[in-house]
There are 6 protein chains.
Amino acid sequence: MGSVAGYNLDYFKVSFPAEYVIHVEINRPEKMNAFIETMWLNLATIFNKISHDPNVRCAILSGSGDKAFTTGLDVQAASQGPILGSAAPGEDTARRGTALRRHILEFQDCITSLERCEKPVITLLHGHAYGLAIDMSLATTIRLAAANTRFCVKEVDIGLAADIGTLSRLPKAVGSFSWCNEVCLTARVFGAEEALRVGLVSGLFKDKAEGVRGAVEMATLISAKSPVAVQGTKEILGWSRDRGVEDGLKYTAVWNAAMLQTSDVKSALLSGLQKRKPTFEKL
Amino acid sequence: MGSVAGYNLDYFKVSFPAEYVIHVEINRPEKMNAFIETMWLNLATIFNKISHDPNVRCAILSGSGDKAFTTGLDVQAASQGPILGSAAPGEDTARRGTALRRHILEFQDCITSLERCEKPVITLLHGHAYGLAIDMSLATTIRLAAANTRFCVKEVDIGLAADIGTLSRLPKAVGSFSWCNEVCLTARVFGAEEALRVGLVSGLFKDKAEGVRGAVEMATLISAKSPVAVQGTKEILGWSRDRGVEDGLKYTAVWNAAMLQTSDVKSALLSGLQKRKPTFEKL
Amino acid sequence: MGSVAGYNLDYFKVSFPAEYVIHVEINRPEKMNAFIETMWLNLATIFNKISHDPNVRCAILSGSGDKAFTTGLDVQAASQGPILGSAAPGEDTARRGTALRRHILEFQDCITSLERCEKPVITLLHGHAYGLAIDMSLATTIRLAAANTRFCVKEVDIGLAADIGTLSRLPKAVGSFSWCNEVCLTARVFGAEEALRVGLVSGLFKDKAEGVRGAVEMATLISAKSPVAVQGTKEILGWSRDRGVEDGLKYTAVWNAAMLQTSDVKSALLSGLQKRKPTFEKL
Amino acid sequence: MGSVAGYNLDYFKVSFPAEYVIHVEINRPEKMNAFIETMWLNLATIFNKISHDPNVRCAILSGSGDKAFTTGLDVQAASQGPILGSAAPGEDTARRGTALRRHILEFQDCITSLERCEKPVITLLHGHAYGLAIDMSLATTIRLAAANTRFCVKEVDIGLAADIGTLSRLPKAVGSFSWCNEVCLTARVFGAEEALRVGLVSGLFKDKAEGVRGAVEMATLISAKSPVAVQGTKEILGWSRDRGVEDGLKYTAVWNAAMLQTSDVKSALLSGLQKRKPTFEKL
Amino acid sequence: MGSVAGYNLDYFKVSFPAEYVIHVEINRPEKMNAFIETMWLNLATIFNKISHDPNVRCAILSGSGDKAFTTGLDVQAASQGPILGSAAPGEDTARRGTALRRHILEFQDCITSLERCEKPVITLLHGHAYGLAIDMSLATTIRLAAANTRFCVKEVDIGLAADIGTLSRLPKAVGSFSWCNEVCLTARVFGAEEALRVGLVSGLFKDKAEGVRGAVEMATLISAKSPVAVQGTKEILGWSRDRGVEDGLKYTAVWNAAMLQTSDVKSALLSGLQKRKPTFEKL
Amino acid sequence: MGSVAGYNLDYFKVSFPAEYVIHVEINRPEKMNAFIETMWLNLATIFNKISHDPNVRCAILSGSGDKAFTTGLDVQAASQGPILGSAAPGEDTARRGTALRRHILEFQDCITSLERCEKPVITLLHGHAYGLAIDMSLATTIRLAAANTRFCVKEVDIGLAADIGTLSRLPKAVGSFSWCNEVCLTARVFGAEEALRVGLVSGLFKDKAEGVRGAVEMATLISAKSPVAVQGTKEILGWSRDRGVEDGLKYTAVWNAAMLQTSDVKSALLSGLQKRKPTFEKL
């Protein structure tokens, strides 16, 4: 069983609900799990560690408590901070612009750690899922939702274009560019049924508890498979989303030049014939 | 309130149904709003003007009259014109090919003015929406439809591959490449329910009148938001549709280096705390 | 009527159910149409020939028999072969990697012959449609399914990342990246209703027989149109799927510089006015 | 012979030194041909017209007078204008940023008219060739220089990153990325010999008069060839510079589907056999 | 030593001047090695075979005889053939365009077999090197030249844009886009010194005999190295030429995941310490 | 003057030879500055810090001592390490491949810190510059060399394809793809004159001492300019190298939306008129 040592960072609760399955909970329920800077830095630390931790084969991300996955940026804190705070009097526009750009790139990079993580990450959305909730979940591999989830691409309502990933990833995550434009421009709240219909999430559960059970079940299923196969599949799907089919095929061929030489193929084939569950070495 | 001065061009009817909201109607109802060359030239003039008009924050495009959004190219007129007309006797194939290519590029560019327009454009489709109707609506930001809309990617039926944008934009607008291929290759008519299901449109209304009301409502909602946020959101979504996530994130960070310095953020935050509607300077 | 001469290759049954319509059946029903190497080589030969055969305007691909479209790779055969077989003792990893890469590229190229084929290819999925069934159908133009189809992206279960095209094409074929990740990582079986909902297929039939009838009907409809228009439409949609809109538009304009000079446009226009069915010269 | 009618715009002198050859001179010698806004607008008008003028097959761009091709932006004028001028008191940063971006895009578009022009454009650089001189010449097809040319990528010295094209085109125009970075970051002046050595120019002449003769000779040579071949060659080279080889090859094949059907090929072949000069129809 | 069995195809002379080094000579000296269709088909057959022949580690391509590498397409033959020949009376432009496009793509594919070949190919240019000579040599890995080489991008002189690769590869092969445009648009002849100066060739020899010796020496040097290292280096350089640096780095990392596991690294390191020449297993 | 506090990491010597100019020396002269893992980790730490250090406007990278810039990887150390060391007995190929890929990506990322650094980095090459020397210098902005520099892309000689950046960056850094292929495939040593001729370096000095003086002079010149202009210029050139011109222009326009609002433009313009040296606020 994996160990939580090294994962205990402020504002996150980490557990191992099943072998090879790590559950990361955003843990600031008294503030609806709203994010302050420490939190996205810690998020990146956790998922960078998961990426190479041989005891983890699949991760689950959810909020702590019943009310919210997260309501997004803690606007009150942010309004004092480098992004939403006011300029110093007489501050040069270009210098402030440079500071903003650096800050945004660092913030983006923290959220992208979810996408870069070599292991699949399943997000369970529930309750309020506003702003940063969408950015984060779009950087994960699979999105599931509790029936009570209230989604909102909120950024336009605080005067800015969402800059931590939603606008770059949403057009590639759902099947209607019109809908994508609509929810980003109106910031209207939508529910889990609609999220399922447009493909933003691929599974729905009656409440958060069911959702967690469902996510753990899916994560357990994935973790029982060859980690060589799983991690390769995640990597190639992500690569291919952003490039033409030709480049996808070439990258896949090179990838499998090494990966098909694994003993996992033999184990999997043999187990199949013998109708028993294979076990695979850690990765 | 915006002024229609300068927008009164042949075959278009322009009005301001709400503050910052412009409604552009294709106005040749006696011919089912079929397009002749003057019309796409005027369309481009109108939307190029809207792009920088500070009195417009959101545009609506619909057909005039009840029968059709548009039945597409006026085939009778076109069959005399440079695209569908016959070659002069002895005309050199390469020279005619060059003329055709120039003509297509110019025609495409007129329709692309809808996409290049910095303000969101909501299309309300209704009645017949054939051929050019699809090309045009795909270059706009949000597509809504009345229940009676009859869609058709008609071009293959007049012996040509659609060349004004449908074939380039449709694969990125809907969530089923198989469906996209099917409707382009069969030219079969499909209805508004199907268009909603595949994501071609993101909203449905019982008839055109309801649709216009709905579009105006949505446009009004968008226009009440910071134009800095709205225009940035539209631009980045369009950029990201056509590129990988990495390039999307980098472009966003540079964009917001300037745009986060707006006073709109402060206004929006403050209004949020004070539970009142913010107002934003023109853009 | 087209002739089957030259199409009679092992493990495939070829017929002409209608003028210009070729039906290619995977024909190894006693093994659930599972694939051995000869089969994908023959598949490529067949579709390379169809590509330039003027007597074919649209192709249909299905399995033979009622049980399966195909269950995918014949794993028993493959486990003796170059991809899934064991390394020779002392074989150098890089040299084996090179052999694997060459083999995968050749295999991919056979399947890509479906996509490269200039004529539209309609796949009718039915019964078991596992592994290679998905790779193949994703390289075709239109996917239809019988209600009893059981789909599965199976590769992860035999210890490998699918390398013959599914991971490169699926993210561009359906409208939910979350769903796409989920089915590839879990290898769970899903049904035809779900395939329709996410857009993997665009038509559903109550059984295989109905499906074949539906596919022939659609193929006949497509074959009645100008082959210049049909082939151009297929080519440009495929090009545009993999590139930004700008590059799509430019390619289209160059394409139509030649293609609009066809007499098919005149025939189509004239027939439209005269309310009769046009005929088009072979291509 | 071509007619200058329609080309006589302020600050430009236009002549036809040979059949099909137009010579466009930047004509503000009393200010070292420094650019004010009217000038780049007129430049675009001229080259947009050349693009489709059948009487022009090749254009030459030079400065008027002996002192300078151009010293670039008229800084004094610009410091009052929208780009380099001061913000209005209290002007919102995002709104000013938007105005700047719009202005830059329009300015870029004027300069890009040189690249978009379907006919080859030969630049003859001479005397001072600072700032905008580099931006403009990089958008043309062939760069020649008089021995006395003094080149300078000047923009960094007035506090800004060159934004009208130099930074985007220079890395693709010369064969040393280190040199390209160096001259853009140091704004040091370099001479014609160095420009030839790094490939920025491809021909050198002892003075401006010789250079003009050389440019006219080259333009005359190009104009004697099939305009179908010449314009296709320019277009495909420009397309290929910006894309991978695969996309270059595919675009070329589509291009020549129409263009090889020209009678120019027969004329050229026949003339070759008969050792006489072919003539080609206008384009 | 490699065997020429299977390489003896019409119009080519094949020999093994050194271990692992194959020399392919275009062998139609009585016609200045001008190409007819059989020749490019045979060329592709030869280089497809070399690509996987473990007895070849490096190939050399030259012309046979002293006069010419090749003068390019045999224009007399071509003027009867599908590309340059006349249309049949009443032939539909689109159908002829389709035939032309298919033919060009097949021709391109034959020449691209030089680039796709997994082994490095060194071209020795000498004497006349016109038209197709440039297309072919640009698809090879290294270009060397005898001092008497006369280069010419000839196509524009026969009324067409070069469509077999020159226009797509030349901008990426040399360091001056201006020079590249100039030689393609003027079709002027240039010599070996100039070709060296602009980077088209990277080595110069006093005559053909010296050139062949030099090419064999270079090929022998390359063949003495690990074929794992050599083939990987060729592949990654080709990949990277066409894509951004990020994609180059990612592809390299995946490539070396398999390739660094070779025993060649150990052999090479050990030989280095022991100051002796390593030997490497075939690939 | 900048402070070296925080820059004093093992194997590096850091100094400030001029205001805003930092000089980073690889400092393991007793081993010809050969690299062990600590060194590339420290290199990344140093350049990540420089990137945001307002006291640095330009950096210089050289080797310490007279003999070598660096001879590359310390092969003896590496042969015990994760990349070149042997596999554990029975180690699964895919798992070892995964470890290798992770290791390469981390190593690449360290070297790419030179490219990501917001400030220009000038490399002075001298003495031995083998293997990693080329990878590193290619990730910097400007390359200068002492006359005694001996360059070598050495990797192929130790049995591997260079994987830390040379193969991805060299094709974009020099003007001859043939030369680039040649030196990577032969691993031949070449001198500074040749490096200058092909554009690998853009400046040559008679010995290292002169080279350092030259680099400091260039760095001082760059540091005297507006850091807003300098950093924007570096960023846009790097962006444009990897993308088409259209994307370069659009990114530039967005960049300057913020950056043109700097007071540096006014300072620079005013100083120009007053013929005095401007000073610019830190960035």
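**Notebook: the A–C contact, chain symmetry and a sheet in chain B**

Entry 1. I began with charged pairs and found that C:Asp157 forms a salt bridge with A:Lys225, the closest N and O atoms lying 2.7 Å apart. I note at the outset that this is a predicted model, and that side-chain atom pairs were counted only at pLDDT 80 or more. I then looked up the count of salt bridges between chain A and chain C, which is one. For polar contacts between chain A and chain C, I recorded 19 residue pairs, both residues being at pLDDT 80 or more.

Entry 2. I asked which elements of chain A supply the side that touches chain C. At least two residues each come from β7 (142-146), α5 (166-173), α7 (192-198), α8 (208-223), α9 (227-241), α10 (245-259) and α11 (263-274) of chain A. The most comes from α9(A), which gives ten residues to that side. By residue class, I find that the side of chain A touching chain C divides into 24 nonpolar, 15 polar and eight charged residues.

Entry 3. I next looked up the extent of the contact. Chain A contributes 47 residues and chain C contributes 45 residues. The two chains bury about 3700 Å² between them, and 65% of this is on carbon and sulfur atoms. Within chain A, the residues that lose the most area to chain C are A:Leu237, A:Val245 and A:Leu260, which together make up 18% of what that side buries.

Entry 4. I turned to the relation between copies. A turn of 120° with a shift of 0.0 Å along the axis lays chain B on chain A with an RMSD of 0.0 Å. The two copies are therefore related as by a three-fold rotation axis. In chain B, I located the C-alpha nearest the axis at B:Gly175, 2.1 Å from it. I also compared the interface residues of these chains: only 6% of those of chain B are also interface residues in chain A, so the copies meet through different surfaces.

Entry 5. Last, I traced a sheet in chain B. Four strands form an open sheet with mixed pairing, in the order β4-β6-β8-β9. At its edges stand β4 (68-70) and β9 (190-191) of chain B; each has a single partner strand, so one side of each is left without a neighbour in the sheet. Strand β6 (residues 128-130) and strand β8 (residues 150-152) of chain B pair in the parallel sense over three bridges. In this sheet I noted B:Tyr130, which stands opposite B:Cys152 in β8(B).

Notes:
Residues are numbered from 1 along each chain as its sequence is written. Chains are lettered from A and ligands numbered from 1 in the order in which they are written. This is a predicted model: local features need pLDDT of at least 70, side-chain atom pairs count only at pLDDT 80 or more; totals for chains, interfaces and linings use all residues. Side-chain values use heavy atoms; hydrogens and water are left out. Two strands pair if DSSP finds at least two bridges between them. Contact means heavy atoms within 4.5 Å. Buried area is the accessible area (1.4 Å probe) that two parts lose on being put together, summed over both. A salt bridge is a side-chain nitrogen of Lys or Arg within 4 Å of a carboxyl oxygen of Asp or Glu. A polar contact is a pair of N or O atoms within 3.5 Å; within protein, one must be able to donate a hydrogen and the other to accept it, and residues adjacent in sequence count only if both atoms are side-chain atoms. Ala, Val, Leu, Ile, Met, Phe, Trp, Tyr, Cys and Pro count as nonpolar, Asp, Glu, Lys and Arg as charged, and the others, Gly among them, as polar. Copies are superposed by least squares on the C-alpha atoms of residues with pLDDT of at least 70 in both.
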